[in-house]
Amino acid sequence: MNNRVYNFYAGPGALPLPVLERAHAELFNFQNLGMSVMELSHRTPQMQMIIDDSAERIKQQMGLGDAFEVIFLQGGGSLQFIMIPLNLSRPGEAIDYIDTGHWTQRAIEEAERLPRDVAVIATTADSDHNHLPADLPYRPEAKYVHICTNNTTTGTQWRSLPKIGVPYVADMSSDFLARVLDVAPFDLIYAHAQKNIGLSGVTAVIIRKSLLADIPDDLPKLLDYRTHIDKRSNYHTPACFSMYITWLMLQWLEDEIGGVAAMAAINEQKAKLLYDYIDNSSFYRCPVPEEYRSVMNVVFHLETAALEGEFVVAAEKAGFVGVGAHRTRTGCRVSLYNAVTVEAVEALIAFMYQFEKGK
Ligand code: PMP
């Protein structure tokens, strides 16, 4: 395929070509059913197989063992901002949040709508979120500490998590299945699919089984995690096509890449190439100190906003899309999710070099 651009969007973003090719090949006749997966009832064994097998693959890749349930919901990462405090805490109880940027602030705003004792125990707002907090003065009575493992807009990532005495609840929307992770410190992990594992419309939620008995019984049914666990993520009509693409992505991760450890090595390689290039240049500058840098979202600046604007336009013209900053920020951002190839990063670096030379 030679008419495809290099896609660095922050999500939805690039999908692997083999996944698109398989979806294309199966589009009119999925598994000899004489119809596409889009036309298939969600009550068929095939759709339930897609869901169950996807959950099983996530369990395997993350080494979840028997301690966790994996479900798929709609409503994106944003619905989890409210479902989590509703399910994991009761009125008056303490819940702790770490503010490391735009998306954690959204999570905090939602939690604060509930009658809970919400505390922001650490924030990096004073430095424009260009680093991560060193101290997490969590409250021992807190039901959980909410953390965002990768901050999509500001390009920071917790490379390792501080040990604390309270379980973490983690937004992994932008680094899910992109690195090897010890799941022991987590009570709940959530990630929408549209960055690393599929399409928008699907959000994976991993929840520790031991918490289920404590979920308040008066929640609306759709907002109670147990509803979706009991009905194997098929209580109401799932986003079937998105679920199918997620299933294809999970197979691609295993069969073509070799699993999450192999993926992590490729992701490290891509990020190193780009950061090294930026660090060795005096034309581009990364505002994030090295130890906090994200492997997934590389943010950088050029000397002036005008030059950054020019860069984004020239990049797009040359076939590199999605290199502008998040709409709330200035500068540039390149997202290196699982589907972005090493070759794409090398091509981008060559373009960055040419752009600099032309100035
Ligand atoms: N969390 C993170 C880390 C994100 O990057 C985003 C969106 N890019 C969200 C949550 C919000 O997710 P959604 O748009 O699926 O609600």
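Here a student and a tutor talk through the sheet and the ligand site of a predicted model.

Student: What makes strands E9 and E10 a pair?
Tutor: Pairing asks for at least two bridges between two strands. Strand E9 (residues 186-192) and strand E10 (residues 203-208) are joined by five bridges and run antiparallel, so they count as a pair. One bridge links Ile189 to Ile206 in E10.

Student: And what is the strand order of the open sheet?
Tutor: Its seven strands follow the order E2-E10-E9-E8-E5-E3-E4, and the pairing is mixed.

Student: Why do E2 and E4 stand at the edges?
Tutor: Strand E2 (68-73) and strand E4 (117-123) each have a single partner strand, so one side of each lacks a neighbour in the sheet. From one strand to the next, the twist averages 20 degrees.

Student: Which strands does helix H3 touch?
Tutor: Helix H3 (residues 76-88) packs on the sheet and touches E2, E3, E8, E9 and E10. Its direction makes about 160 degrees with that of E9.

Student: Now the ligand. How do you know that His192 makes a polar contact with an oxygen atom of the ligand?
Tutor: The cut-off for a pair of N or O atoms is 3.5 Å. A polar side-chain atom of His192 lies 2.7 Å from a ligand oxygen, so the pair qualifies. Likewise, a side-chain N or O atom of Lys195 is 2.8 Å from a nitrogen atom of the ligand, and a backbone N or O atom of Gly77 is 3.0 Å from a ligand oxygen.

Student: How much of the ligand does the protein cover?
Tutor: Of the 390 Å² of accessible area that the ligand has on its own, 85% is covered. The ligand is surrounded by 14 residues, with Ser78, Thr152, Asp171, His192 and Lys195 the closest.

Notes. Residues numbered from 1 in each chain as written. Predicted model: local features only at pLDDT ≥ 70, side-chain atom pairs only at ≥ 80, totals over all residues. Heavy atoms only, no water. Helix = DSSP H or I, 4+ residues; strand = E, 2+ residues; numbered from the N terminus. Axes fitted to C-alpha atoms, helices over the stretch in contact; angles between N-to-C directions. Contact = heavy atoms within 4.5 Å. Near = heavy atom within 4 Å. Polar contact = N/O pair within 3.5 Å; in protein donor to acceptor, adjacent residues only side chain to side chain. Areas by Shrake-Rupley, 256 points an atom, 1.4 Å probe, with all protein chains shown as cover.
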